[in-house]
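This report addresses helix packing and aromatic contacts in a single structure. The sequence and the coordinates are shown below.

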Amino acid sequence: MNTLRQLLALEAKLKISDDLLDRLLEGGVEIRLAPHQAMIDEGEYNPDVYIVKSGIIRGTNLNQNVEVTSGFALPGTMFMSFYCYYGEEQSFYRFEACCESTVIRIPKAHFDNLVKESHEFARWVVSAHQNQLYYYERKNQLLSGSSRERLIALLKMLSAATSTFNENLNVDKKHETKVKELVCNRWDRIFSIIPSRYIASYLGITEQHFSKIKREVLNEFDNKQ
């Protein structure tokens, strides 16, 4: 839980006390998901809030009967279906596990009570949502580049995030050392966790084209080691 608390605190620029994060987490229920198992399905009404403890959750939607990957939720990520939580409508997205994953389901009532009772928590939630909006815009910037640029940008992001996959953060290490470990030798691991077709779908390219640029990028990365 200490590692999860550290990652969750990074969801927002504003700092939040460990006590409030503990109150948030203590109100939740841990759920284990098998690969491809839905956490929230399209058309389901589920207004609760989720926090990824381990693994990777993928958001998808259908565009003219073609499945599109809208994003990935990594350890420490807090998210919900805004259609359900805010709009009181059925979810537009399907959220499913890319691999064996664990999430903490926070009942909406518990989450809302913390927002109501704690000004500090409410400000942190606003900052966390602003962070999500920032990354939605950042995604659009990422997808505006070439296929190769898109892949490199995505892999750098996932390299850092998946380094904590079922691992504990070593707080005693120097920051520079941790950063180096996060980036190096992670890409093969990412591809073993997330199927290529999911990444290709996120990047908006065909799986065949993705395979080609993946080989080029990985060969270039290996030659620099």
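## Helix packing and aromatic contacts

In this predicted model, helix H4, spanning residues 108-117, and helix H5, spanning residues 119-142, have axes that come within 5 Å and cross at roughly 115°. Angles of 65 to 115 degrees count as roughly perpendicular, and H4 and H5 are therefore roughly perpendicular to each other. On the H4 side, the contact is made by Phe111, Leu114, Val115 and Glu117; H5 contributes His119, Phe121, Ala122 and Val125. By residue class, this contact of H4 with H5 comprises 6 nonpolar, 1 polar and 1 charged.

Turning to the aromatic side chains, the structure holds 9 aromatic pairs. One of them joins Phe92 and Tyr93 in an edge-to-face arrangement, with 5.3 Å centre to centre and 65° between the planes. The edge-to-face label applies because planes over 60 degrees apart are classed in this way. Phe92 is partly exposed, its relative accessible area being 36%, and Tyr93 is likewise partly exposed, at 32%. Both residues belong to one aromatic cluster, which is formed by Tyr50, Phe79, Tyr83, Phe92, Tyr93 and Phe95.

Charged side chains also meet aromatic rings. In each case listed below, the charged end of the first residue sits over the ring of the second.

| Charged residue | Aromatic ring | Distance from ring centre |
|---|---|---|
| Arg58 | Tyr198 | 3.5 Å |
| Lys108 | Tyr85 | 4.7 Å |

Lys108, whose charged end sits over Tyr85, also lies within the residue range of helix H4, 108-117.

Notes:
Residues numbered from 1 in each chain as written. Predicted model: local features only at pLDDT ≥ 70, side-chain atom pairs only at ≥ 80, totals over all residues. Heavy atoms only, no water. Axes fitted to C-alpha atoms, helices over the stretch in contact; angles between N-to-C directions. Helix = DSSP H or I, 4+ residues; strand = E, 2+ residues; numbered from the N terminus. Parallel < 35°, antiparallel > 145°, perpendicular 65-115°, else oblique. Contact = heavy atoms within 4.5 Å. Nonpolar A, V, L, I, M, F, W, Y, C, P; charged D, E, K, R; others polar. Phe/Tyr/Trp six-rings, centres within 6.5 Å; stacked < 30°, edge-to-face > 60°. Buried < 20%, exposed > 50% of the residue type's maximum accessible area, 1.4 Å probe, protein only. Lys NZ or Arg CZ within 6 Å of the ring centre and 35° of its normal.
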